[in-house]
Amino acid sequence: MTYFWNHFFDALIPICICVVLPTLVIWLIGRVRQNETNRKAEIMLKALDNGAIIDSDFFKGLSGSKTIKERLLGRLTGASVTGVLGLALILVALIPDWPGEWVLYDSPAPMLVILGGILLAIGIALFIVYFTGKKLMAKEIVSEEKQILGEK
């Protein structure tokens, strides 16, 4: 019976990290946004009751305030990070005579190559998205920059 519990607790930690933690983070972000919207709605209702003039941009959140250029640069950053991590994992897997072994595998090299390949593929895809978006959205980026400079 102790064998079962030892393996149960060994499996519980990755499950908590991979399933429970991201779920809690997403729930917390949603809860914060919902509370912000509720507070804004209360303020809006009180303003309507008092007959005040209401700004139409009141409910615009910070998430919509990113420019096209900022979103593209975020993708470039993500592409760089995932690409470098993928290459690093592949290079580490190619080092001969790995010092030590994991419990489930004879060597961690195949798993590292697979994980590195996945990260490298994601990085390459994000690079493609960045360069394609930069080319396709060039006019919109210029007009958005002119609009921002015109407002300030």
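Here is a walk through a predicted, helical protein model, from the overall fold down to a few individual residues.

**The overall picture**

The model has four helices and zero strands, so to read it from the N terminus is to read α-α-α-α. Of the 152 residues in the protein, 12% are buried. The exposed surface comes to about 12,400 Å², with carbon and sulfur atoms supplying 70% of that area. As for contacts between residues at least 6 apart in sequence, 65% of them join residues at least 24 apart.

How far can you trust it? The mean pLDDT of the protein is 82, and 84% of the residues reach 70 or more. Among the helices, helix 3 (residues 109-136) has the highest confidence, with a mean of 91, while helix 4 (residues 138-151) has the lowest, at 83. As a general caution, where pLDDT is low the predicted coordinates should not be read in detail.

**Helix lengths**

Three of the helices can be checked against the span expected at 1.5 Å a residue.

| Helix | Residues in helix | End-to-end C-alpha distance | Expected span |
|---|---|---|---|
| Helix 1 | 49 residues | 68 Å | 72 Å |
| Helix 2 | 27 residues | 39 Å | 39 Å |
| Helix 3 | 28 residues | 40 Å | 40 Å |

For helix 1, the 68 Å between the end C-alpha atoms agrees with the expected 72 Å. Helix 1 also has a bend of about 40° at C16. Just after helix 1 comes G51, with a positive phi near 80°.

**The loop after helix 1**

T67 sits in the loop between helix 1 and helix 2. Is T67 buried or exposed? T67 is buried, because its relative accessible area is 14%, below the 20% cut-off. Leaving aside residues up to four places away in sequence, T67 touches E144 and I148; T67 is thus a loop residue with contacts to both of them.

**Helix 2 against helix 3**

Which helix do the buried residues of helix 3 pack against? They pack against helix 2 (68-94). On the helix 3 side, the buried residues are A109, L112, G116, L119, G123, Y130 and G133. On the helix 2 side, the buried set is I68, L72, A79, T82, G83, G86 and A93. When you look at the spacing in such lists, keep in mind that an α-helix has 3.6 residues a turn, so residues three or four places apart point the same way.

Two C-alpha distances help to place these helices. L91 and L112 are 21 residues apart in sequence and 9.1 Å apart in space. L112 is one of the buried residues of helix 3. L91 is found in helix 2, but L91 counts as exposed because its relative accessible area is 55%, over the 50% cut-off. The other distance is between F127 and G83, which are 44 residues apart in sequence yet 9.0 Å apart from C-alpha to C-alpha. G83 is among the buried residues of helix 2.

**The aromatic cluster in helix 3**

F127 is found in helix 3 and, beyond residues up to four places away in sequence, touches L76, A79 and S80. A79 is also on the list of buried residues in helix 2. F127 itself counts as partly exposed because its relative accessibility is 28%, which falls between the 20% and 50% cut-offs.

How many aromatic pairs turn up in a search of the whole structure? There are two. One of them is F127 with F131, a stacked pair with 6.4 Å centre to centre and 15° between the planes. F127 and F131 both lie in helix 3, four residues apart, which is about one turn of the helix. Then there is Y130 with F131, an edge-to-face pair with 4.9 Å centre to centre and 70° between the planes.

Y130 is buried because its relative accessible area is 9%. Taken together, the ring pairs link F127, Y130 and F131 into a cluster.

Note on methods: Residues numbered from 1 in each chain as written. Predicted model: local features only at pLDDT ≥ 70, side-chain atom pairs only at ≥ 80, totals over all residues. Heavy atoms only, no water. Helix = DSSP H or I, 4+ residues; strand = E, 2+ residues; numbered from the N terminus. Expected span 1.5 Å × (residues − 1). Bend = angle between axes of the 7 residues up to and from the residue. pLDDT = per-residue confidence, 0-100. Phe/Tyr/Trp six-rings, centres within 6.5 Å; stacked < 30°, edge-to-face > 60°. Buried < 20%, exposed > 50% of the residue type's maximum accessible area, 1.4 Å probe, protein only. Contact = heavy atoms within 4.5 Å. Areas by Shrake-Rupley, 256 points an atom, 1.4 Å probe, with all protein chains shown as cover.
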